[in-house]
Amino acid sequence: MKTHYGIYGGQYVAETLMPILHELEKEYLAAREDPSFQEEFRSLLKNYVGRESPLYYARRLSEHLGGSRIYLKREDLNHTGAHKINNTIGQALLAKRMGKTRLIAETGAGMHGVATATVAALFGFECEVFMGTTDIDRQAVNVERMQTLGATVRPVSEGSATLKDAMNEALRDWTAWSADTFYVIGTVAGPHPYPLLVKDFQSVIGEEARRQCLEQTGRLPDEVVACVGGGSNAMGIFAGFLEDSDVALTGVEAGGAGIATGKHAASITGGRVGVLHGSKTYLLQDDNGQILETHSVSAGLDYPGVGPEHCFLADSRRARYVTVDDEEAVDAFAMLARFEGIIPALESSHALAYAIRTAPAQSRDRIVVVNLSGRGDKDMDSIRRFRKQQVASAK
Amino acid sequence: MDKIQKIFASCAAADRAALVIFCSCGYPDMDSSEQIIEDAIAAGADIIELGVPFSDPMADGAAIRQASEVALRQGATLKGVLAMAERLSKRHPDTGFILFSYMNVMLNYGLDALCTELRRIGVDGILAVDLPYEERAELADPCRSAGLHLIPLVSPMTSLERAAMIMGEATGFVYSVNICGITGVREKLPPEVAERLAALKERSPVPVAAGFGIADGESAKAIARVADGVVVGSAVINKLLAPGELETRRRDASELVRTLAGSMSRHA
């Protein structure tokens, strides 16, 4: 079994977790070949999540920009409001298959936490979600949603009190309780087999997008764009196009206050190879190998590492990774709302901003598919705060 | 016979377990931690684990995390720890020294360069918490070239077959984790620990040191009866984290190490 992507990935965990990772790998490979598992997964995606999600031609936005035709893969229309639910349904089915009774998860923006709390309620698991106190403050609505769904939110105040610290704490919990607990990792990071299984569960996005694009336009897109924090929505949509060498794949990292300021979360663009949370990956770290605090207006991209397969795709140049800073993302957020009546998640707004930036210089025949990975209702407070800071610093 | 082998052999000859003390280097600052290690050696530690702080210690409990956070704020670095280790090993040529950290800190330094430097300054081995058997090659190779021990971990989750595979390739000693979970003091160790250690020792070509959860002389004594070595970290660090003057805290920590050293004997 391949556990690495080139030099990236692997299983850099304490020995206590190795036997459970081996068990997980074995169970997952069996589930992957098991028609009844796949049927239950597909059926829930259809009847519970509401798939397939539409591929929507953003006509007014595209015509306003005057270049590429921008299509949106509407993951924001999924139950719970983001792509995260595709993965948590898959992992909950695995947990059930393995006889576990408790789910734990880490969350940044809260979307993965909500998606995990949702499947815990659906299947009757006990559920605890680890969340940094910084994120609890900026994503208060999602905390209430998780609690409403019956989950316990465990605040993590160490380090930068964001996603990476929540993941440390979830790994610690799992190290102690793996006998009855399933760790639902929210992105294509973590130790093998997580990057593999999360990609598989999210690849439905790319499968649908490819077929829908062919149906609607008669051809494949020229470019597929997705935001990258850990990189699960990007891996999910890229998966449908990896073999189509003419389709450009672009991952958009969070540029924060600007790469030059050092206040960003762009691991591939601004990081070096290292090991965190069980895998070898590009990491934002200082000269002594200590992990740096990251910065992004969007909590879901505020992570110092990135999924190992993205590192591999970057090195092999199959995908290209670019950055969009806070301000440009917030502008894209507002622009989509006004031109299309769609309020996108701040995470997805990064991907959108890149498409908006590059579209005008392109021909009108060009087709760009943007993964609109989530909806933005949760981000109203963040936007208000960001605008307030902008006004304050302009004075 | 190399130094680590000699230590375990002479402990065995005296019918006692070797005492391994984990120190959070750089807590509360570099100079004080050097003094704390001196105290530990004077109080009877046979081997010192030099804990290099990492910003994201995912296998550690509250005590070591808190100490690491302070150490990093005070500017502790791997380079600084190496400089300290060189001084310590010169002053204590019979004490064993094992560098203990997470992979990222070591990768960042460069694994070949690190192993060469450790050998030069008289450190005997490396323990990388997040480097399991499956990933060991990248560090095992430079360790072998430099003549360093790469100390592996086995845990209660590790099957005996897997433990035999891990221990079969070990040099120096094997670190057996007493409990499922992260580092830190536990009120009571699980009752199956003794039986487990006996089974490991039967299968291991190298000495087995046991750690995690050991709170005091009494629990150390129980482990010393069945293991070749006893590792204590958090219990000592808890003494140092307690409120009060540093001098007092240091004395308390040193007293605990003395009590632990007195608990290593298998007589009486």
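Among contacts in chain B between residues at least 6 apart in sequence, what percentage join residues at least 24 apart? Keep chain B on screen while you think: the answer is 74%. What you are looking at is a predicted model, and this tour walks through both chains, starting with the one you have selected.

**Stop 1: chain B as a whole**

Colour chain B by secondary structure and you will find 12 helices and 9 strands. Its radius of gyration is 17 Å, close to the 18 Å that the globule rule gives for 268 residues, so chain B is as compact as a globular protein of that length. Turn the chain along its principal axes, and the C-alpha atoms fill a box of roughly 45 × 40 × 35 Å. Buried residues make up 60% of this chain. Now switch on the surface: chain B exposes about 10,300 Å², and carbon and sulfur atoms supply 51% of that area. If you colour by charge, there are 27 positive and 35 negative charges, with mean positions 3 Å apart.

**Stop 2: a cis bond in chain B**

Select B:Tyr27 and B:Pro28. The peptide bond that joins B:Tyr27 to B:Pro28 is cis, with omega near -5 degrees. To get your bearings, B:Pro28 sits in the loop between strand 1 (18–24) and helix 2 (30–42) of chain B.

**Stop 3: chain A as a whole**

Next, select chain A, which has 16 helices and 14 strands. A compact globule of 395 residues would have a radius of gyration near 21 Å, and the 19 Å of chain A agrees with that. The C-alpha trace spans about 55 × 50 × 40 Å along its principal axes. In chain A, 66% of the residues count as buried. Its accessible surface comes to about 13,600 Å², with 49% belonging to carbon and sulfur atoms. The 42 positive and 50 negative charges of chain A have mean positions 4 Å apart.

**Stop 4: helix 5 of chain A**

Zoom in on residues 111–123, which form helix 5 of chain A. Is this helix largely enclosed or largely open? Of its 13 residues, 10 are buried, so helix 5 is largely enclosed by the rest of the structure. The buried ones run from A:Met111 to A:Ala120, among them A:His112, A:Gly113 and A:Val119. To see what covers them, show helix 2 (35–49), helix 4 (84–97), strand 5 (102–107), strand 6 (126–132), helix 7 (140–148) and strand 8 (181–184) of chain A, which are included in that cover.

Try a distance between the end C-alpha atoms of helix 5: they are 18 Å apart, in agreement with the 18 Å expected at 1.5 Å a residue. Step just past the helix to A:Gly124, where phi is positive, near 80 degrees.

**Stop 5: backbone surprises in chain A**

Most residues other than glycine have a negative phi, and most peptide bonds are trans. Here are some exceptions to select.

- A:Arg51 and A:Glu52: the peptide bond between them is cis, with omega near 5 degrees. A:Glu52 is in the loop between helix 2 and strand 3 (55–57) of chain A.
- A:Thr80: phi is positive, about 75 degrees, although this is not a glycine. Look for A:Thr80 in the loop between strand 4 (69–74) and helix 4 of chain A. With 7% relative accessibility, A:Thr80 counts as buried, because buried means under 20%.
- A:Ala161: phi is near 55 degrees, again a positive value in a residue other than glycine. A:Ala161 lies in the loop between strand 7 (152–156) and helix 8 (163–177) of chain A, and at 4% relative accessibility A:Ala161 also counts as buried.

Notes:
Residues are numbered from 1 along each chain as its sequence is written. Chains are lettered from A and ligands numbered from 1 in the order in which they are written. This is a predicted model: local features need pLDDT of at least 70, side-chain atom pairs count only at pLDDT 80 or more; totals for chains, interfaces and linings use all residues. Side-chain values use heavy atoms; hydrogens and water are left out. Helices (H or I, at least four residues) and strands (E, at least two) are DSSP runs, numbered from the N terminus. The radius of gyration is taken over C-alpha atoms; the globule rule is 2.2 Å times the number of residues to the power 0.38. Buried means under 20% relative accessible area, exposed over 50%, partly exposed in between (1.4 Å probe, protein chains only). Accessible areas come from the Shrake-Rupley method with a 1.4 Å probe; for residues, only the protein chains shown count as cover. Lys and Arg count as positive and Asp and Glu as negative; His and the chain ends are not counted. The place of a charge is taken as NZ of Lys, CZ of Arg, CG of Asp or CD of Glu. The expected span of a helix is 1.5 Å times one less than its number of residues. Contact means heavy atoms within 4.5 Å.
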